[in-house]
Amino acid sequence: MSETKGRLTLPGEHEFYDETKELMRRWGADAIRDSDGTKLEERVKDLDAKIYTTYFVARNYNEFALQHLDETQQIFVMSERTIATSTHMTIEILKGFFTEQIQPNTLEDPKEWWQVHNRTTGELLPVDAWTYDATTQSVTINNVQPFHEYTVNFLAFVMWDPTQMYNHLTNNWGDVPKDIPFDARGPKSWEFMKATLQTWLKNNPKTDVVRFTTFFYHFTLFFNDMKKDKFVDWFGYGASVSPAALKAFEAEHGYRLLAEDFIQAGTYNSTFNEPTQRYLDYIDFQQRFVASRAKELVDMVHAHGKEAMMFLGDNWIGTEPYGDYFASIGLDAVVGSVGGGASLRVIADIPHVKYTEGRFLPYFFPDTFREGNDPVIEASDNWLRARRAIMRKPVNRIGYGGYPSLAYQFPKFVDYVERIADQFRDIIENIEDVKPHANLTVGILNSWGRLRTWQAFMVAHELWYKQTYSFYGMMDALSGMSVDVKFINFDDVKQGALADIDVVINAGQAGTAMSGGSNWNDPEVVSIIRQWVHEGHGFVGVGEPSAYDKSGKFFQLADILGVERERGLTLSSNKYFYTAMEKHFITEDKTQPFESGEPVTNIYATHKETEVIDIQDQNVTIAANQYGRGRGVYLSGLPYSSENARILYRSLFYAAGKETELHRWFSTNFNCEVNVYPAIGKVAIINNTADEQRTTVYDGNGNAHSMILRSEELRWEVLDENSIII
């Protein structure tokens, strides 16, 4: 194991000096950071380490915010749905909201910016049909249709930054002031932001890295009257609106965006919504604005001889690292939270920065570091899933967050992080900037494409959701797989993006941005993919791929997949093919019943040539189909597990028609994986479990090597002309 130190950032805490020095020594930390809720004492800043200091651009200055409430950040929100019981009704617009966070903006004329809808008919009511009473914070509507449903879209001030609010409630901050976020489009706010940063930079000479958390606009997150999430979308631009922004947009684009463009009948343009062109225009507009102003701040940091780091979270909207304008900001680094393999790759694959850093779990918070709990369990799961991804594309640094005094009370956890840190440095020492061998190139096709690289199926970062884990597991599996992954949208397909791809994956629920929605109504897209598969490539569908109700079909590429979904409309047409094959290449390593996650019901084979591989309760869960010289493969879902990752890996090889190449750089035990680095002549074999594993590894020439791997072991072997030299 490498004896080098460095590449690890340790969270600091007041009155924790001696223990900080001990953890620095044991974990090899070469950087110390503060965070929201902690400050570094001066003597810590004099230790032999880089000092990261958290900097809030648009909050944490309540004296200014309270004097300029007209420049408070804003959001469009929708009242609760209300049923009229007579021809006259009143809607309390704040009912169900957390009023310490959301307050209606009455400085602007409600008649200009608000909207009232009859949701039963879809009608937008004229402004003279309703009135607003600021005293009662209610909208009164006359001449309504009894037993129709009505809502009010209203412009509101965000009176409490949602991340600070979360930390406030989680960690019981008591008398800590509630941060009011102010808007970079406000002229006074922007001048204040620049002047304050300039002063701060002069007053913090010991800071080496300014950790922007982040810049201007928080992802869409607002709370209900129970202080719980009412809506959260890690990608949402809804909290970046203002009359100033909308007027500037109108001047540039020639049309005005309305409240409903952001609210979308209460779905708020979540990342699962198929984006409208109007919303895409706004995203692009805000990205250009944020990038230009963030660059000014970053230039100030550089002028003081410091590095500028961005936290990929909190107020990151407009700085999307896979967007067209990120490079222009000039950041030195990006740090983000690592929930598993996919979120590790979100960070590691970011271009245009000098280095990336992953903040590993668990946070040093009392919900985990409490009596009777073992934080090593979460740490091990987090590390093993992230390590798979690191072997394909490593972050340059790792770190932790929270209160180290809590972690210090758990010696086994301290020991475990010491081992993680040493192993990470060993990996970096070997493969930083080294491209691993890839057996296939896989394209993930959805409505977002490159903009949301590795971010498909995320709601609030990498949290578990019942409706997404069946698809998100596919992303986690791919993150550490010996394949290259590209993210493409439907315009990319029409512009020739399939030329250098072996297999396309389309996954998700019908009608969502992930599966593609109305994009499957485009004959050009459908015909291009059909021809491409027919000529010898692969298409893997997960869940409800290519789903769009048209011409008597639901899966528009059912002809490729060999399966369709019965929705109760063709029950009079019998379905005969409900017998699974006894054996198939895709499931050859399967040891237990296939775990497909949330069931996609009533999937059936369309003809006798369909290879029904797995079926559960008359639902086809795995199938394959020959299509010209290519193949389609269907999986009803794919929660993450080592066994499911192997099923996906085999599915990709089968779809690509490369089954004979599987036993090249291959482990027979799916709990172990092989990564090859031709440029440095090394092979890495990893055990992705905490248990000892036995496996046979096939090298690039098909030679078999039996081995035993210890718990969580990473073993390096020498590569010579495509063979392992043991």
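These exercises work through a helix pair, a pocket and two cavities in a predicted model.

**Exercise 1.** Classify the orientation of H11 and H14, and name the residues that make the contact.

*Solution.*
- Take the geometry. H11 (residues 375–390) and H14 (residues 469–479) pack at about 55°, with axes 7 Å apart.
- Apply the cut-offs. Roughly parallel needs an angle under 35 degrees, and roughly perpendicular runs from 65 to 115. H11 and H14 are therefore oblique to each other.
- List the contact. H11 contributes Arg 385, Arg 388 and Ala 389, while H14 contributes Asp 476, Ala 477 and Ser 479.
- Sort by class. The contact has two nonpolar, one polar and three charged residues.

**Exercise 2.** Describe the second largest pocket by volume, centre and lining.

*Solution.*
- Volume: about 1300 Å³.
- Centre: among the 48 lining residues, Tyr 322, Gly 449, Arg 450, Leu 451 and Thr 453 lie nearest.
- Elements: H9, H10, E18, E21 and H15 each supply at least two lining residues.
- Classes: 20 nonpolar, 10 polar and 18 charged.

**Exercise 3.** How many cavities of 30 Å³ or more does a search of the whole structure find? Characterise the largest and the second largest.

*Solution.*
- The search finds four.
- The largest cavity holds about 160 Å³. Its lining has 15 residues, with Arg 646, Tyr 649, Cys 672, Glu 673 and Val 674 nearest the centre. H18 gives the most, four residues. Eight lining residues are nonpolar, four polar and three charged.
- The second largest cavity has a volume of about 80 Å³. Of its 14 lining residues, Val 158, Pro 162, His 218, Leu 221 and Ala 239 are closest to the centre. Strand E14 gives the most, three residues. Nine lining residues are nonpolar, four polar and one charged.

Terms used: Residues are numbered from 1 along each chain as its sequence is written. This is a predicted model: local features need pLDDT of at least 70, side-chain atom pairs count only at pLDDT 80 or more; totals for chains, interfaces and linings use all residues. Side-chain values use heavy atoms; hydrogens and water are left out. Axes are lines fitted to C-alpha atoms, for helices over the stretch in contact, and angles run from 0 to 180 degrees between N-to-C directions. Angles under 35 degrees count as roughly parallel, over 145 as roughly antiparallel, 65 to 115 as roughly perpendicular and the rest as oblique. Contact means heavy atoms within 4.5 Å. Ala, Val, Leu, Ile, Met, Phe, Trp, Tyr, Cys and Pro count as nonpolar, Asp, Glu, Lys and Arg as charged, and the others, Gly among them, as polar. On a 1 Å grid over the protein atoms alone, a cavity is a set of points where a 1.4 Å probe fits but cannot get out, and a pocket is an open set with protein on both sides within 12 Å along at least five of seven lines; lining residues have an atom within 4 Å of a point. Grid points are joined across faces, edges and corners, and a volume is the space filled by probe spheres set on the points.
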